[in-house]
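User: I should like to learn how cavities and ligand contacts are read from a model. Please begin with the contacts.

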Amino acid sequence: MLLSETAASIKSMEIRGAGRIARAAVEALADYARNLDASDPETFKQEMLRAADILTGTRPTAVSLPNAVRSVMRALDSFESVEAARDAVLARAAEFIDHSEHAVERIAEIGARHISDGDVLLTHCNSEAALGCILEAHRQGKEIEVYATEVRPRGQGLITIRTLNDAGIRTNYIVDSAVRYFINDVDLVFVGADAIAVNGAVVNKIGTAQIAHAASEARTNVIVAAETYKFAPKTILGELIEIEERDPDEVLPRAVAVELPFVRVRNPAFDVTPAEYVDLIVTEQGAIPPGLAYTVIRDYLGWKIEELR
Ligand code: RUB
């Protein structure tokens, strides 16, 4: 897919979910590099930087996106010719995609260990990492049942229930506001993440914080499934993760909104769940308590301190 098409598809959420967004952006960068006709290495680099900016500007919250783009763009730190730069970008892109696909599989294996036979799980939104764990537990023969939320306003729960149904997993589809009502029937909450801050706070689909709060009150564990490239290095310096606020139209049709001049529709796409409501974060490198988020950023993301500024 062309760079502009990929950027538009990420923005419109045709391509969505933090892991898929990261892989699509990397594929678009590789495609752009493959076809880029540049006379000298500096022009090649400048054009690539422009492409990287277009991609990272599409959705602000999923940290997987800048992390993935950065890991490919590192190829341009030193190079001697356009061809060498192109090869290095393509190699790094292939490496990222391979790493990402394996990470999702590994997370499924590790996450499934935390699911017991007979467990009732609750998931929110549509996370391939979280669903991977649930599907793997089912594949291992564990008898499980899932509560899946609807996920207003974009309805990603529908994708989730289709996947669960196709796998033959007993599933209850509930509106977002019914979580508190059912939480005592749930053994374990399993969600994904768009970003994880150095203090272990988890940014995920709007409503996750409310669910985690209800789970904490009910003494139900919350497990977050997230690849290491969803950890946000810049939070080490105190930078806050930007929460995307989307078009009010997604919540209330414009035709209705115009009749209500005193009403302002707010549509944040994500929220922040404090670390105290998260019991475990499952990464491809192993499961950690949220308090160890810093070690993931330090050991696996390889950002130099000067790149953080
Ligand atoms: C998706 C969402 C998902 C995370 C993790 O939001 O919040 O839980 O991105 O997903 P949106 P994955 O639908 O707005 O992109 O595990 O697939 O990366």
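Analyst: A polar contact is a pair of N or O atoms within 3.5 Å; within protein, one must be able to donate a hydrogen and the other to accept it, and residues adjacent in sequence count only if both atoms are side-chain atoms. In this case, a polar backbone atom of Gly17 is 3.0 Å from an oxygen atom of the ligand. The model is predicted: local features need pLDDT of at least 70, side-chain atom pairs count only at pLDDT 80 or more, and totals for chains, interfaces and linings use all residues. Residues are numbered from 1 along each chain as its sequence is written, and side-chain values use heavy atoms, with hydrogens and water left out.

User: Which side chains place a polar atom 2.6 Å or 2.8 Å from an oxygen atom of the ligand?

Analyst: Asn204 does so at 2.6 Å, and an N or O atom in the side chain of Gln156 lies at 2.8 Å. The protein buries 100% of the 460 Å² that the ligand exposes when taken alone (Shrake-Rupley method, 1.4 Å probe; for residues, only the protein chains shown count as cover).

User: Which residues come nearest to the ligand?

Analyst: A residue is near a molecule if one of its heavy atoms lies within 4 Å of it. The ligand has 17 residues around it, of which Arg16, Gly19, Ser127, Asn204 and Lys230 come nearest. At least two residues of this shell come from each of α2 (18–35), α6 (128–139) and β6 (202–205) (DSSP runs numbered from the N terminus: helices are H or I, at least four residues; strands are E, at least two).

User: How is a cavity recognised, and how many are found at 30 Å³ or more?

Analyst: Rolling a probe the size of a water molecule over the atoms shows where empty space is left. On a 1 Å grid over the protein atoms alone, a cavity is a set of points where a 1.4 Å probe fits but cannot get out; lining residues have an atom within 4 Å of a point. Grid points are joined across faces, edges and corners, and a volume is the space filled by probe spheres set on the points. Two cavities of 30 Å³ or more are found in the whole structure. The largest has a volume of about 200 Å³. Its lining comprises 21 residues, with Arg16, Gly17, Ala18, Asn126 and Asp194 closest to its centre.

User: Which element gives the most to that lining?

Analyst: The helix α2 does, with four residues. The space of this largest cavity is that taken by the ligand (more than half of the ligand's atoms lie within 2 Å of the grid points).

User: What lines the second largest cavity?

Analyst: This cavity holds about 40 Å³ of space, and its lining residues include Pro153, Arg154, Lys205 and Glu250.

Methods. 1 Å grid on protein atoms, 1.4 Å probe; cavity = no way out; pocket = protein on both sides within 12 Å on 5 of 7 lines; lining within 4 Å.
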